Amino acid sequence: MMYSANELQSLAQLTPPVLTAYVDTKPRQRSSRGDALAYMPWLKKEAKILTKTENVRPGDLGTYGAQVARVEEFLRDRTPREKGLLILAGSDTWELVPLERQVENELHWGRPALGQLFWILSENKPYCIVVVDRTGARFFRHSLGEMAQSGKMKFTINISQWKKKEMGHVTGQSVKKTRGSQRDTHRHRMDAQYARLCRDVEERAKSLCEKNRCTAIFLVGSDRLTKAIEAEFPKQFGRPIVTIEEDFGKFSPSDLQKRLEPRIADWENRRQLALVYALLGDERKAVVGLDETLVLFQKGKIRNLVVAHNLNESLRQCSECDWMDRSSDPVCPQCGRERFVIIHLRDVLPELAWKTQTDVEVVAGEAAMKLNESGGIGGWLRGRTRVELR
Ligand SMILES: [Zn+2]
């Protein structure tokens, strides 16, 4: 199962209270018998701790206990195949999200706690991958460490023949004279078929990309094929198209994944770094630094937010109006009420982003290091420039 950052919003709508459990189920913990299901003791302990905090109200203890027991029972009888698991359990709710990314154990009660999942999804963008050779094309969606094939197209014309006729140029003059027109007809027919085929691949890739909200599309194959397919995409396609000149047509999906992942990661790192440099260099339409960005973000004035993956500042939040900032002032600057709730930016960012319809881009690696020099967060303003906002 694969979730996109948008599908996450449907999970956020689940009726509270629900038990949210992020469980680290990766194989390392199953290496020896003693180690087996190392998350079971964690769950028991954490479930007890939650009842002692204000998170579980006395009136909820019965439902809470029932959901904890349900999750425990489910995990006990199960051999995990994924690295991590998100479970949402409530009176009318049972949602299971297997994740091929490492998760940190977390247990929450109340509203669905989607912070960690949001972060994982923002850091692991879905991509569309098209692998072509002269026999056909295969279409994949790559997301959260999984590469799922979502289509196949067999080429009915033989492209190798099309390639050969190009080489026909080198044949002697006499041959060309007698068979020239015949060859031209053949060439036109081949060209038309070839163009048709590239268009078919483009159409399929485009719809797959749009359906899955992919961040970018990777075309893998010979230079000639990938370039011809790339040329078919309309200018307003709006997503990067990356060509990888490799003949991977014969590889199995798992071999493909092994060979393509480092290339994709490399491209993604460069893209993120370019994004951060663009942000830091945009004096007119962008803002950087935690305090100023947070004010504008809460006011709905940021269109695209860029956050370093390791940013997790503690903030003070007003329980009346939800306003938050870094100041230790016990009085809310927005509504004047007393405030004492300490929260983590990570946990509240998803809902605020949905509420304000802000796109969030989480960057890692070198890009995160660069952004951290300027407070680890920034964003592009909606419409107006910085000067106009003041
Ligand atoms: Zn307030």
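Tutor: Two residues are in contact if their C-beta atoms, placed from the backbone, lie within 7 Å. The model is predicted, with local features needing pLDDT of at least 70 and side-chain atom pairs counting only at pLDDT 80 or more, while totals for chains, interfaces and linings use all residues. Residues are numbered from 1 along each chain as its sequence is written.

Student: At what angle to β4 does helix α2 run?

Tutor: Helices (H or I, at least four residues) and strands (E, at least two) are DSSP runs, numbered from the N terminus. Axes are lines fitted to C-alpha atoms, for helices over the stretch in contact, and angles run from 0 to 180 degrees between N-to-C directions. Helix α2, residues 39–52, lies across β1 and β4, and its angle to β4 is about 35°.

Student: Which strands are the edge strands of the open sheet?

Tutor: Strands pair if DSSP finds at least two bridges between them. The four strands of the open sheet follow the order β3-β2-β1-β4 with antiparallel pairing. Pairing on one side only marks the edge strands, β3 (93–99) and β4 (106–110).

Student: Which residue in β2 does Thr-20 stand opposite?

Tutor: Strand β1 (residues 18–24) pairs in the antiparallel sense with strand β2 (residues 84–90) over six bridges. Opposite Thr-20 in this arrangement stands Leu-88.

Student: Are α8 and α11 roughly parallel or antiparallel to each other?

Tutor: The axes of helix α8 (residues 253–281) and helix α11 (residues 365–372) are 7 Å apart and pack at an angle of about 20°. Angles under 35 degrees count as roughly parallel and those over 145 as roughly antiparallel. The two helices, α8 and α11, are therefore roughly parallel.

Key: Angles under 35 degrees count as roughly parallel, over 145 as roughly antiparallel, 65 to 115 as roughly perpendicular and the rest as oblique.
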